[in-house]
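Q: Please take a close look at one part of this model and describe how it is laid out. Then go on from there to the parts around it and to the chain as a whole.

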Amino acid sequence: AMSAALVGYSSSEEEQEQEEEGGSRDGGAQGPPAASAGRPRLPVPAGLPGDPDPEEAVSDDSSLHGGRVRGFPHERGNWATHVYQPYIAQEEFLELLELLVSRARTYVPSLAAMEEFHLSLSQCVVLRYHWIQPFVRSLRERLAAFHRFFCVADQVKVYTNQNKTRTFIGLEVSAGHFQLLELVSEVDSVLEEFDLPTFYKDPSFHISLAWCVGDLSGRLEGQCLRELQDIVDGFEESAFLLRIQWEQIRCKSGNKYFSFPLR
């Protein structure tokens with residue numbers, strides 16, 4: 001027998017909470033709701049490739065992701081997608097990071113160090129599941145001719161995200177800007193093909209090092225920023241660490257990663 005709760009799927013708050021937590025995400029073996037249910041929701045086969053992984057949890061409880069607020073509403077079948085260059089942190093880089101974060105925490109105690117590092121070539125955009133493969137194919141074609149190149153990321157800078165819900169400390173690129181712009185223009189063409197928003201018009205390319213909730217840029221700029229720059233400039237390994245050869249571009253879509261080696 002069908003349970004009434006499954007049929008009247010918007011009947012109770014409790015059930016909606018369960019739904020948001022992914023509790024009743026796929027109706028198991030219960031089969032589709034009866035046709036009399038008005039607008040029955042099509043059953044989702046368990047483990048569909050388009051299912052968000054637990055990190056992309058359907059719930060928007062910001063405590064679950066460090067107080068970060070999702071920039072767009074989460075919908076099933078929508079995959080958060082981002083094109084970037086990964087930066088592989090060496091031990092000395094993590095030492096520099098530790099020095100910078102502990103100094104910056106004297107100004108903003110809630111700062112958290114990033115756990116992985118990258119330089120963005122796109123905003124975070126939303127792709128429908130069936131667009132992922134064509135999107136990746138298009139990226140691969142456009143990036144195929146690109147050669148490896150160096151850039152220098154050695155200028156400490158403070159950033160906020162667009163809706164000012166987060167503040168970041170990053171290392172801005174001081175050399176290699178031109179090649180990065182060329183890459184972005186290729187990525188932008190692919191985004192345009194799929195009617196997605198392109199990158200910022202006058203981008204500040206950077207590697208984020210640490211972040212906190214809220215707009216705390218006022219506390220980090222000025223004196224704090226000068227002290228952080230002094231740490232970078234005085235760090236023995238800086239010149240070697242922050243002159244980066246980019247060897248690949250990556251695209252993350254939902255829980256899938258795609259890699260595009262540079263020549």
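A: A residue is called buried here when its relative accessible area is under 20%, and exposed when that area is over 50%. The model is a predicted one.

The part chosen is helix 5, which covers residues 177-193. By that cut-off, its buried residues are Leu 180, Leu 183, Val 184, Val 187, Asp 188, Val 190 and Leu 191. Viewed down the axis of helix 5, these residues fall within an arc of 160 degrees, so they line one face of the helix. The face of helix 5 turned away from the buried side carries Phe 178 and Glu 192, which are exposed. The length of helix 5 can be checked as well: 17 residues at 1.5 Å a residue should span 24 Å, and the end C-alpha atoms are 24 Å apart, so the two agree. After helix 5 comes Asp 195, which has a positive phi, near 55 degrees.

One element that meets helix 5 is helix 4. The buried residues of helix 4 pack against helix 5, and also against strand 1, strand 4, strand 9 and strand 10. Helix 4 has twelve residues, 132-143, and its first and last C-alpha atoms are 16 Å apart, close to the 16 Å expected at 1.5 Å a residue. Its buried residues are Ile 132, Phe 135, Val 136, Ser 138, Leu 139 and Leu 143. These cover an arc of only 160 degrees around the axis, so they lie on the same side of helix 4.

The strands packed against helix 4 can be taken in pairs. Strand 1 (residues 78-87) runs antiparallel to strand 4, and four bridges join the two. Within this pairing, Thr 81 stands opposite Val 125 of strand 4. In a regular strand, side chains alternate between the two faces of the sheet. Strand 4 (residues 125-128) shows such an alternation: Val 125 and Leu 127 point to one face and are buried, whereas Val 126 and Arg 128 point to the other face and are not buried.

Strand 9 (residues 248-253) and strand 10 (residues 256-261) are also antiparallel, paired over six bridges. Arg 250 has Ser 259 of strand 10 as its bridge partner. Two residues separate strand 9 from strand 10 in this hairpin, and Gly 254 in the turn has a positive phi of about 60 degrees.

Next, the cysteines. With a disulfide taken as a pair of cysteine sulfur atoms within 2.5 Å, the count is zero. Cys 251 is in no disulfide, as the nearest cysteine sulfur, that of Cys 124, is 10.0 Å away. Cys 251 counts as buried because its relative accessibility is 1%. Cys 151 is likewise buried, at 1% relative accessibility.

Helix 3 can be read in the way helix 5 was. It covers residues 91-104, and its 14 residues should span 20 Å at 1.5 Å a residue; the end C-alpha atoms are 20 Å apart, so the span agrees. The buried residues of helix 3 are Phe 93, Leu 96, Leu 97, Leu 100, Val 101 and Ala 104. Seen down the axis of helix 3, they fall within an arc of 130 degrees, so they line one face of the helix. Glu 91 and Glu 98 are exposed on the face turned away from the buried side of helix 3.

Two single residues show contacts between parts of the chain. Val 158 is in strand 5 (residues 149-160), and it counts as buried because its relative accessibility is 10%. Leaving out residues up to four places away in sequence, Val 158 touches Thr 167, Phe 168, Ser 217, Leu 220, Glu 221 and Leu 225. The C-alpha atoms of Val 158 and Ser 208 are separated by 9.2 Å, although the two residues are 50 residues apart along the chain. Ser 217 is in helix 6 (residues 217-220) and is buried, with a relative accessible area of 15%. Apart from neighbours within four places in sequence, Ser 217 is in contact with Val 158, Thr 160 and Thr 167.

For the protein as a whole, the secondary structure amounts to eight helices and ten strands. Of its 263 residues, 40% are buried. Among contacts with a separation of 6 or more, 77% are between residues 24 or more positions apart. The accessible surface is about 14,500 Å², and carbon and sulfur atoms account for 51% of it.

Note on methods. Residues are numbered from 1 along each chain as its sequence is written. This is a predicted model: local features need pLDDT of at least 70, side-chain atom pairs count only at pLDDT 80 or more; totals for chains, interfaces and linings use all residues. Side-chain values use heavy atoms; hydrogens and water are left out. The expected span of a helix is 1.5 Å times one less than its number of residues. Buried means under 20% relative accessible area, exposed over 50%, partly exposed in between (1.4 Å probe, protein chains only). The arc is that of the directions from the helix axis to the C-beta atoms. Contact means heavy atoms within 4.5 Å. Accessible areas come from the Shrake-Rupley method with a 1.4 Å probe; for residues, only the protein chains shown count as cover. Two strands pair if DSSP finds at least two bridges between them.
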